[in-house]
Amino acid sequence: MKAKRVLVTATNYSKLCGDAKRLLESHGCEIIENRFGRPLTFEELKEVVGSVDGVIAGVDNWNEAVFKLAPQLQGIARFGVGVDNIDLEAARKYGIQVTNVPRGNANAVAELAIGMMISVRRHIPALDRLTKNGGWERFVGSELAGGTIGLLGFGNIAQLTAKKLKGFDVEVIAYDKYPDTAKASEYGVTMTTFEHVLAHSDIVSMHLPSLKETHHIMNDKAFARMKPSAIFINTARGAVVDEQALSRALSSGVIAGAAIDVYESEPVTPGHPILQIGNLITTPHTAAETFETYTRVSMITAQALLDIFEGREPQNLLTAKE
């Protein structure tokens with residue numbers, strides 16, 4: 001096979017994906033890594049895409065403007081599950097095969113979602129800062145046990161979240177446009193409506209994909225349906241939440257607290273107003289960042305590109321000809 005150039009825009013590739021990198025190099029691939037530690041801009045992509053054959057993509061934007069500049073590009077293996085940053089129709093038009101890795105990061109995200117639930121209810125980050133600064137506030141928090149946790153979306157990540165919550169003595173309810181009733185029954189989850197989840201949950205955890213129909217689905221009206229004592233968790237996608245509406249809900253006491261890992265625009269600028277809200281826990285889109293996820297996802301994406309280069313249909317192909 002002729003040597004191929006592979007651009008990796010996912011970060012920390014050499015550090016965390018050594019086996020996958022060696023697999024590609026053993027097949028004659030030259031690896032070009034993201035040196036910025038963040039998603040690449042159009043101008044940065046413009047400088048390099050003209051000579052690459054494959055991409056292992058993070059959350060940079062891959063659209064027709066980029067594809068026009070990449071005549072050799074055969075495949076994009078998304079380092080994760082979400083492909084809202086990749087124009088699949090344009091990729092198909094240019095003969096570029098696109099894959100993703102469903103379930104690859106599901107366990108990591110589910111674990112962080114539950115960690116956020118506990119952190120908000122027990123004020124763990126705030127108490128950590130206070131104690132380190134000499135304080136000794138015996139904050140009275142709330143337990144998960146006995147409460148109702150609502151899942152918006154019931155795909156792989158939400159299902160794993162529900163499975164793990166079985167040991168916390170909670171009631172779990174969920175909304176999904178296409179409910180998996182078998183999994184719901186297995187994990188003791190009651191499927192219901194979007195509105196019912198908002199109104200009856202002590203914790204609402206977001207797991208919907210970013211689509212036109214879900215854009216800003218969490219808006220002023222949606223937050224107003226929640227209990228004043230409820231908290232909101234988002235480890236899904238920033239675009240499904242109107243950040244200004246979330247800020248208003250938190251600042252005015254419409255809801256009691258929130259924790260978010262994703263934002264409408266990333267990375268978040270230091271002066272962003274949402275970062276100044278006291279009853280909000282923030283993390284930098286880190287839900288999938290575990291050693292186990294990197295190992296699993298990197299090997300699947302590397303093999304997907306090798307399959308594309310060698311004329312085989314890759315696993316999890318999203319741009320099959322219709």
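**Exercise 1.** Which residue in β10 does Ile 203 stand opposite?

*Solution.* The model is predicted: local features need pLDDT of at least 70, side-chain atom pairs count only at pLDDT 80 or more, and totals for chains, interfaces and linings use all residues. Residues are numbered from 1 along each chain as its sequence is written, and side-chain values use heavy atoms, with hydrogens and water left out.

Step 1. Locate the strands, which are DSSP runs of E with at least two residues, just as helices are runs of H or I with at least four, both numbered from the N terminus. β9 covers residues 203-206 and β10 covers residues 231-234.

Step 2. Check the pairing, which requires that DSSP finds at least two bridges between two strands. Four bridges join β9 to β10, and the two run parallel.

Step 3. Read off the partner: Ile 203 stands opposite Ile 231.

**Exercise 2.** Describe the sheet of seven strands and the helix α6 that lies across part of it.

*Solution.* Step 1. The sheet is open, its pairing is parallel, and its order is β8-β7-β6-β9-β10-β11-β12.

Step 2. β8 (189-191) and β12 (280-282) each have a single partner strand, so one side of each is left without a neighbour in the sheet.

Step 3. Neighbouring strands are turned by 20° against each other on average, direction ignored. Axes here are lines fitted to C-alpha atoms, for helices over the stretch in contact, and angles run from 0 to 180 degrees between N-to-C directions.

Step 4. α6 (residues 106-122) lies across β6 (148-152), β9, β10, β11 (257-260) and β12. Its angle to β10 is about 150°.

**Exercise 3.** Work out the order of the five-stranded sheet and place α2 and α13 on it.

*Solution.* Step 1. This open sheet has the order β2-β1-β3-β4-β5, with parallel pairing. β2 and β5 (97-99) are the edge strands, each pairing on one side only. The twist averages 15° from one strand to the next.

Step 2. β1 and β2 run parallel and are joined by four bridges; Val 8 has Glu 33 in β2 as its bridge partner.

Step 3. α2 lies across β1, β2 and β3, at about 140° to β2. α13 lies across β1, β3, β4 (75-78) and β5, at about 165° to β4.

Step 4. In α2 (residues 18-26), the buried residues (under 20% relative accessible area, with exposed over 50% and partly exposed in between; 1.4 Å probe, protein chains only) include Gly 18, Leu 23 and Leu 24. The buried residues of α2 pack, with contact meaning heavy atoms within 4.5 Å, against β1 (5-8), α1 (13-16), β2 (30-33), β3 (54-57) and α13 (291-309).

**Exercise 4.** How many aromatic pairs does a search of the whole structure find? Characterise two of them.

*Solution.* Step 1. Rings of Phe, Tyr and Trp (its six-membered ring) pair if their centres lie within 6.5 Å; planes under 30 degrees apart count as stacked, over 60 as edge-to-face and the rest as tilted. The search finds four pairs.

Step 2. Phe 79 and Tyr 294 form a tilted pair, 5.5 Å centre to centre with 45° between the planes. Phe 79 lies in the loop between β4 and α5 (88-93) and Tyr 294 in α13, so the pair ties together parts that are 215 residues apart in sequence. Phe 79 is buried at a relative accessible area of 13%, and Tyr 294 is buried at 3%.

Step 3. Phe 223 and Phe 232 form an edge-to-face pair, 5.4 Å centre to centre with 85° between the planes. Phe 223 is buried at 1% relative accessibility, and Phe 232 is buried at 0%.
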